[in-house]
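The exercises below ask the reader to work out a fold step by step from its secondary-structure elements. Each task is followed by a worked solution.

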Amino acid sequence: MDTDTAIVTELNGLRRRVPDVTGSVLTGVDGLLITHDLASAEAESIAALAAASVGLGRRFAMTAGHGDLRETVIHGSRGQVALYPVGDRALLAVLAGPGTDPGLLHAHGRRAARSIGELLRSKPASNVAAPVPGLLDNHAPLAVRTPMATLPYNPALPRRRF
């Protein structure tokens with residue numbers, strides 16, 4: 001089985017193992033969609049929003065001194081979204097209904113993120129988003145700059161006061 005098929009199989013398995021999971025999205029840290037198992041056409045928007053949310057979550061955890069981000073959970077009135085980093089190149093967004101058991105969701109979501117991370121490590125780097133850069137090139141055109149929320153926290157850099 002090739003890597004892409006194995007990843008889609010893992011996403012489908014997550015839906016089977018956790019009742020009320022309505023779908024999942026695998027995206028690069030840049031917000032570009034890798035694959036999904038959603039029935040709706042919103043996969044690209046969810047991928048972009050998931051990357052922004054995880055980028056902010058990573059930045060928030062580091063700024064607060066809480067270490068590496070493990071997951072982000074968004075609870076809405078009609079469901080929840082759990083976001084799990086998949087190595088340093090991707091992330092997994094799992095959409096679930098409001099009655100989903102959080103413990104079951106996290107147990108299987110974390111396992112799926114680890115499994116997909118192992119599959120992505122075996123995939124050539126050109127097919128996966130590049131790792132988050134350590135420094136931003138201020139002279140690069142605006143369209144290719146990395147959003148600040150996705151940059152890793154660096155305590156050696158001076159803090160701006162506004």
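**Exercise 1.** Determine which residues of helix 2 are exposed and which are buried, and how the buried ones are arranged about the helix axis.

*Solution.* On one side of helix 2, L49, L56 and F60 are exposed, that is, over 50% relative accessible area (1.4 Å probe, protein chains only). The buried residues, those under 20%, are A43, A47, A50, A51, V54, G55, G57 and A61. Viewed down the axis, these buried residues fall within an arc of 165°, taken over the directions from the helix axis to the C-beta atoms, so they line one face of the helix. They pack against strand 1, strand 2, strand 4 and strand 5, where contact means heavy atoms within 4.5 Å.

The model is a predicted one, in which local features need pLDDT of at least 70 and side-chain atom pairs count only at pLDDT 80 or more, while totals for chains, interfaces and linings use all residues. Residues are numbered from 1 along each chain as its sequence is written, and side-chain values use heavy atoms, with hydrogens and water left out.

**Exercise 2.** Check the length of helix 2 against its expected span.

*Solution.* Helices here are DSSP runs of H or I with at least four residues, and strands are runs of E with at least two, numbered from the N terminus. The expected span is 1.5 Å times one less than the number of residues, which for the 21 residues of helix 2 gives 30 Å; the end C-alpha atoms are 30 Å apart, in agreement. Just after the helix, G65 takes a positive phi of about 75°.

**Exercise 3.** Establish the strand order of the sheet and explain why strand 2 and strand 3 each have one side without a neighbour.

*Solution.* Counting strands as paired if DSSP finds at least two bridges between them, five strands form an open antiparallel sheet in the order 2-1-5-4-3. Strand 2 (33–36) and strand 3 (72–76) stand at the edges with a single partner strand each, so one side of each lacks a neighbour in the sheet. Strand 1 and strand 2 pair over three bridges, with T27 opposite L33, and they form a hairpin with four residues between them, in whose turn G31 has a positive phi of about 90°. Strand 4 (79–86) and strand 5 (90–96) pair over seven bridges, and L83 stands opposite A93.

**Exercise 4.** Decide whether H106 in helix 3 is buried or exposed, and identify its contacts.

*Solution.* H106 has a relative accessible area of 14%, and is therefore buried. Leaving aside neighbours within four places in sequence, H106 is in contact with E71, V73, A82 and Y84.
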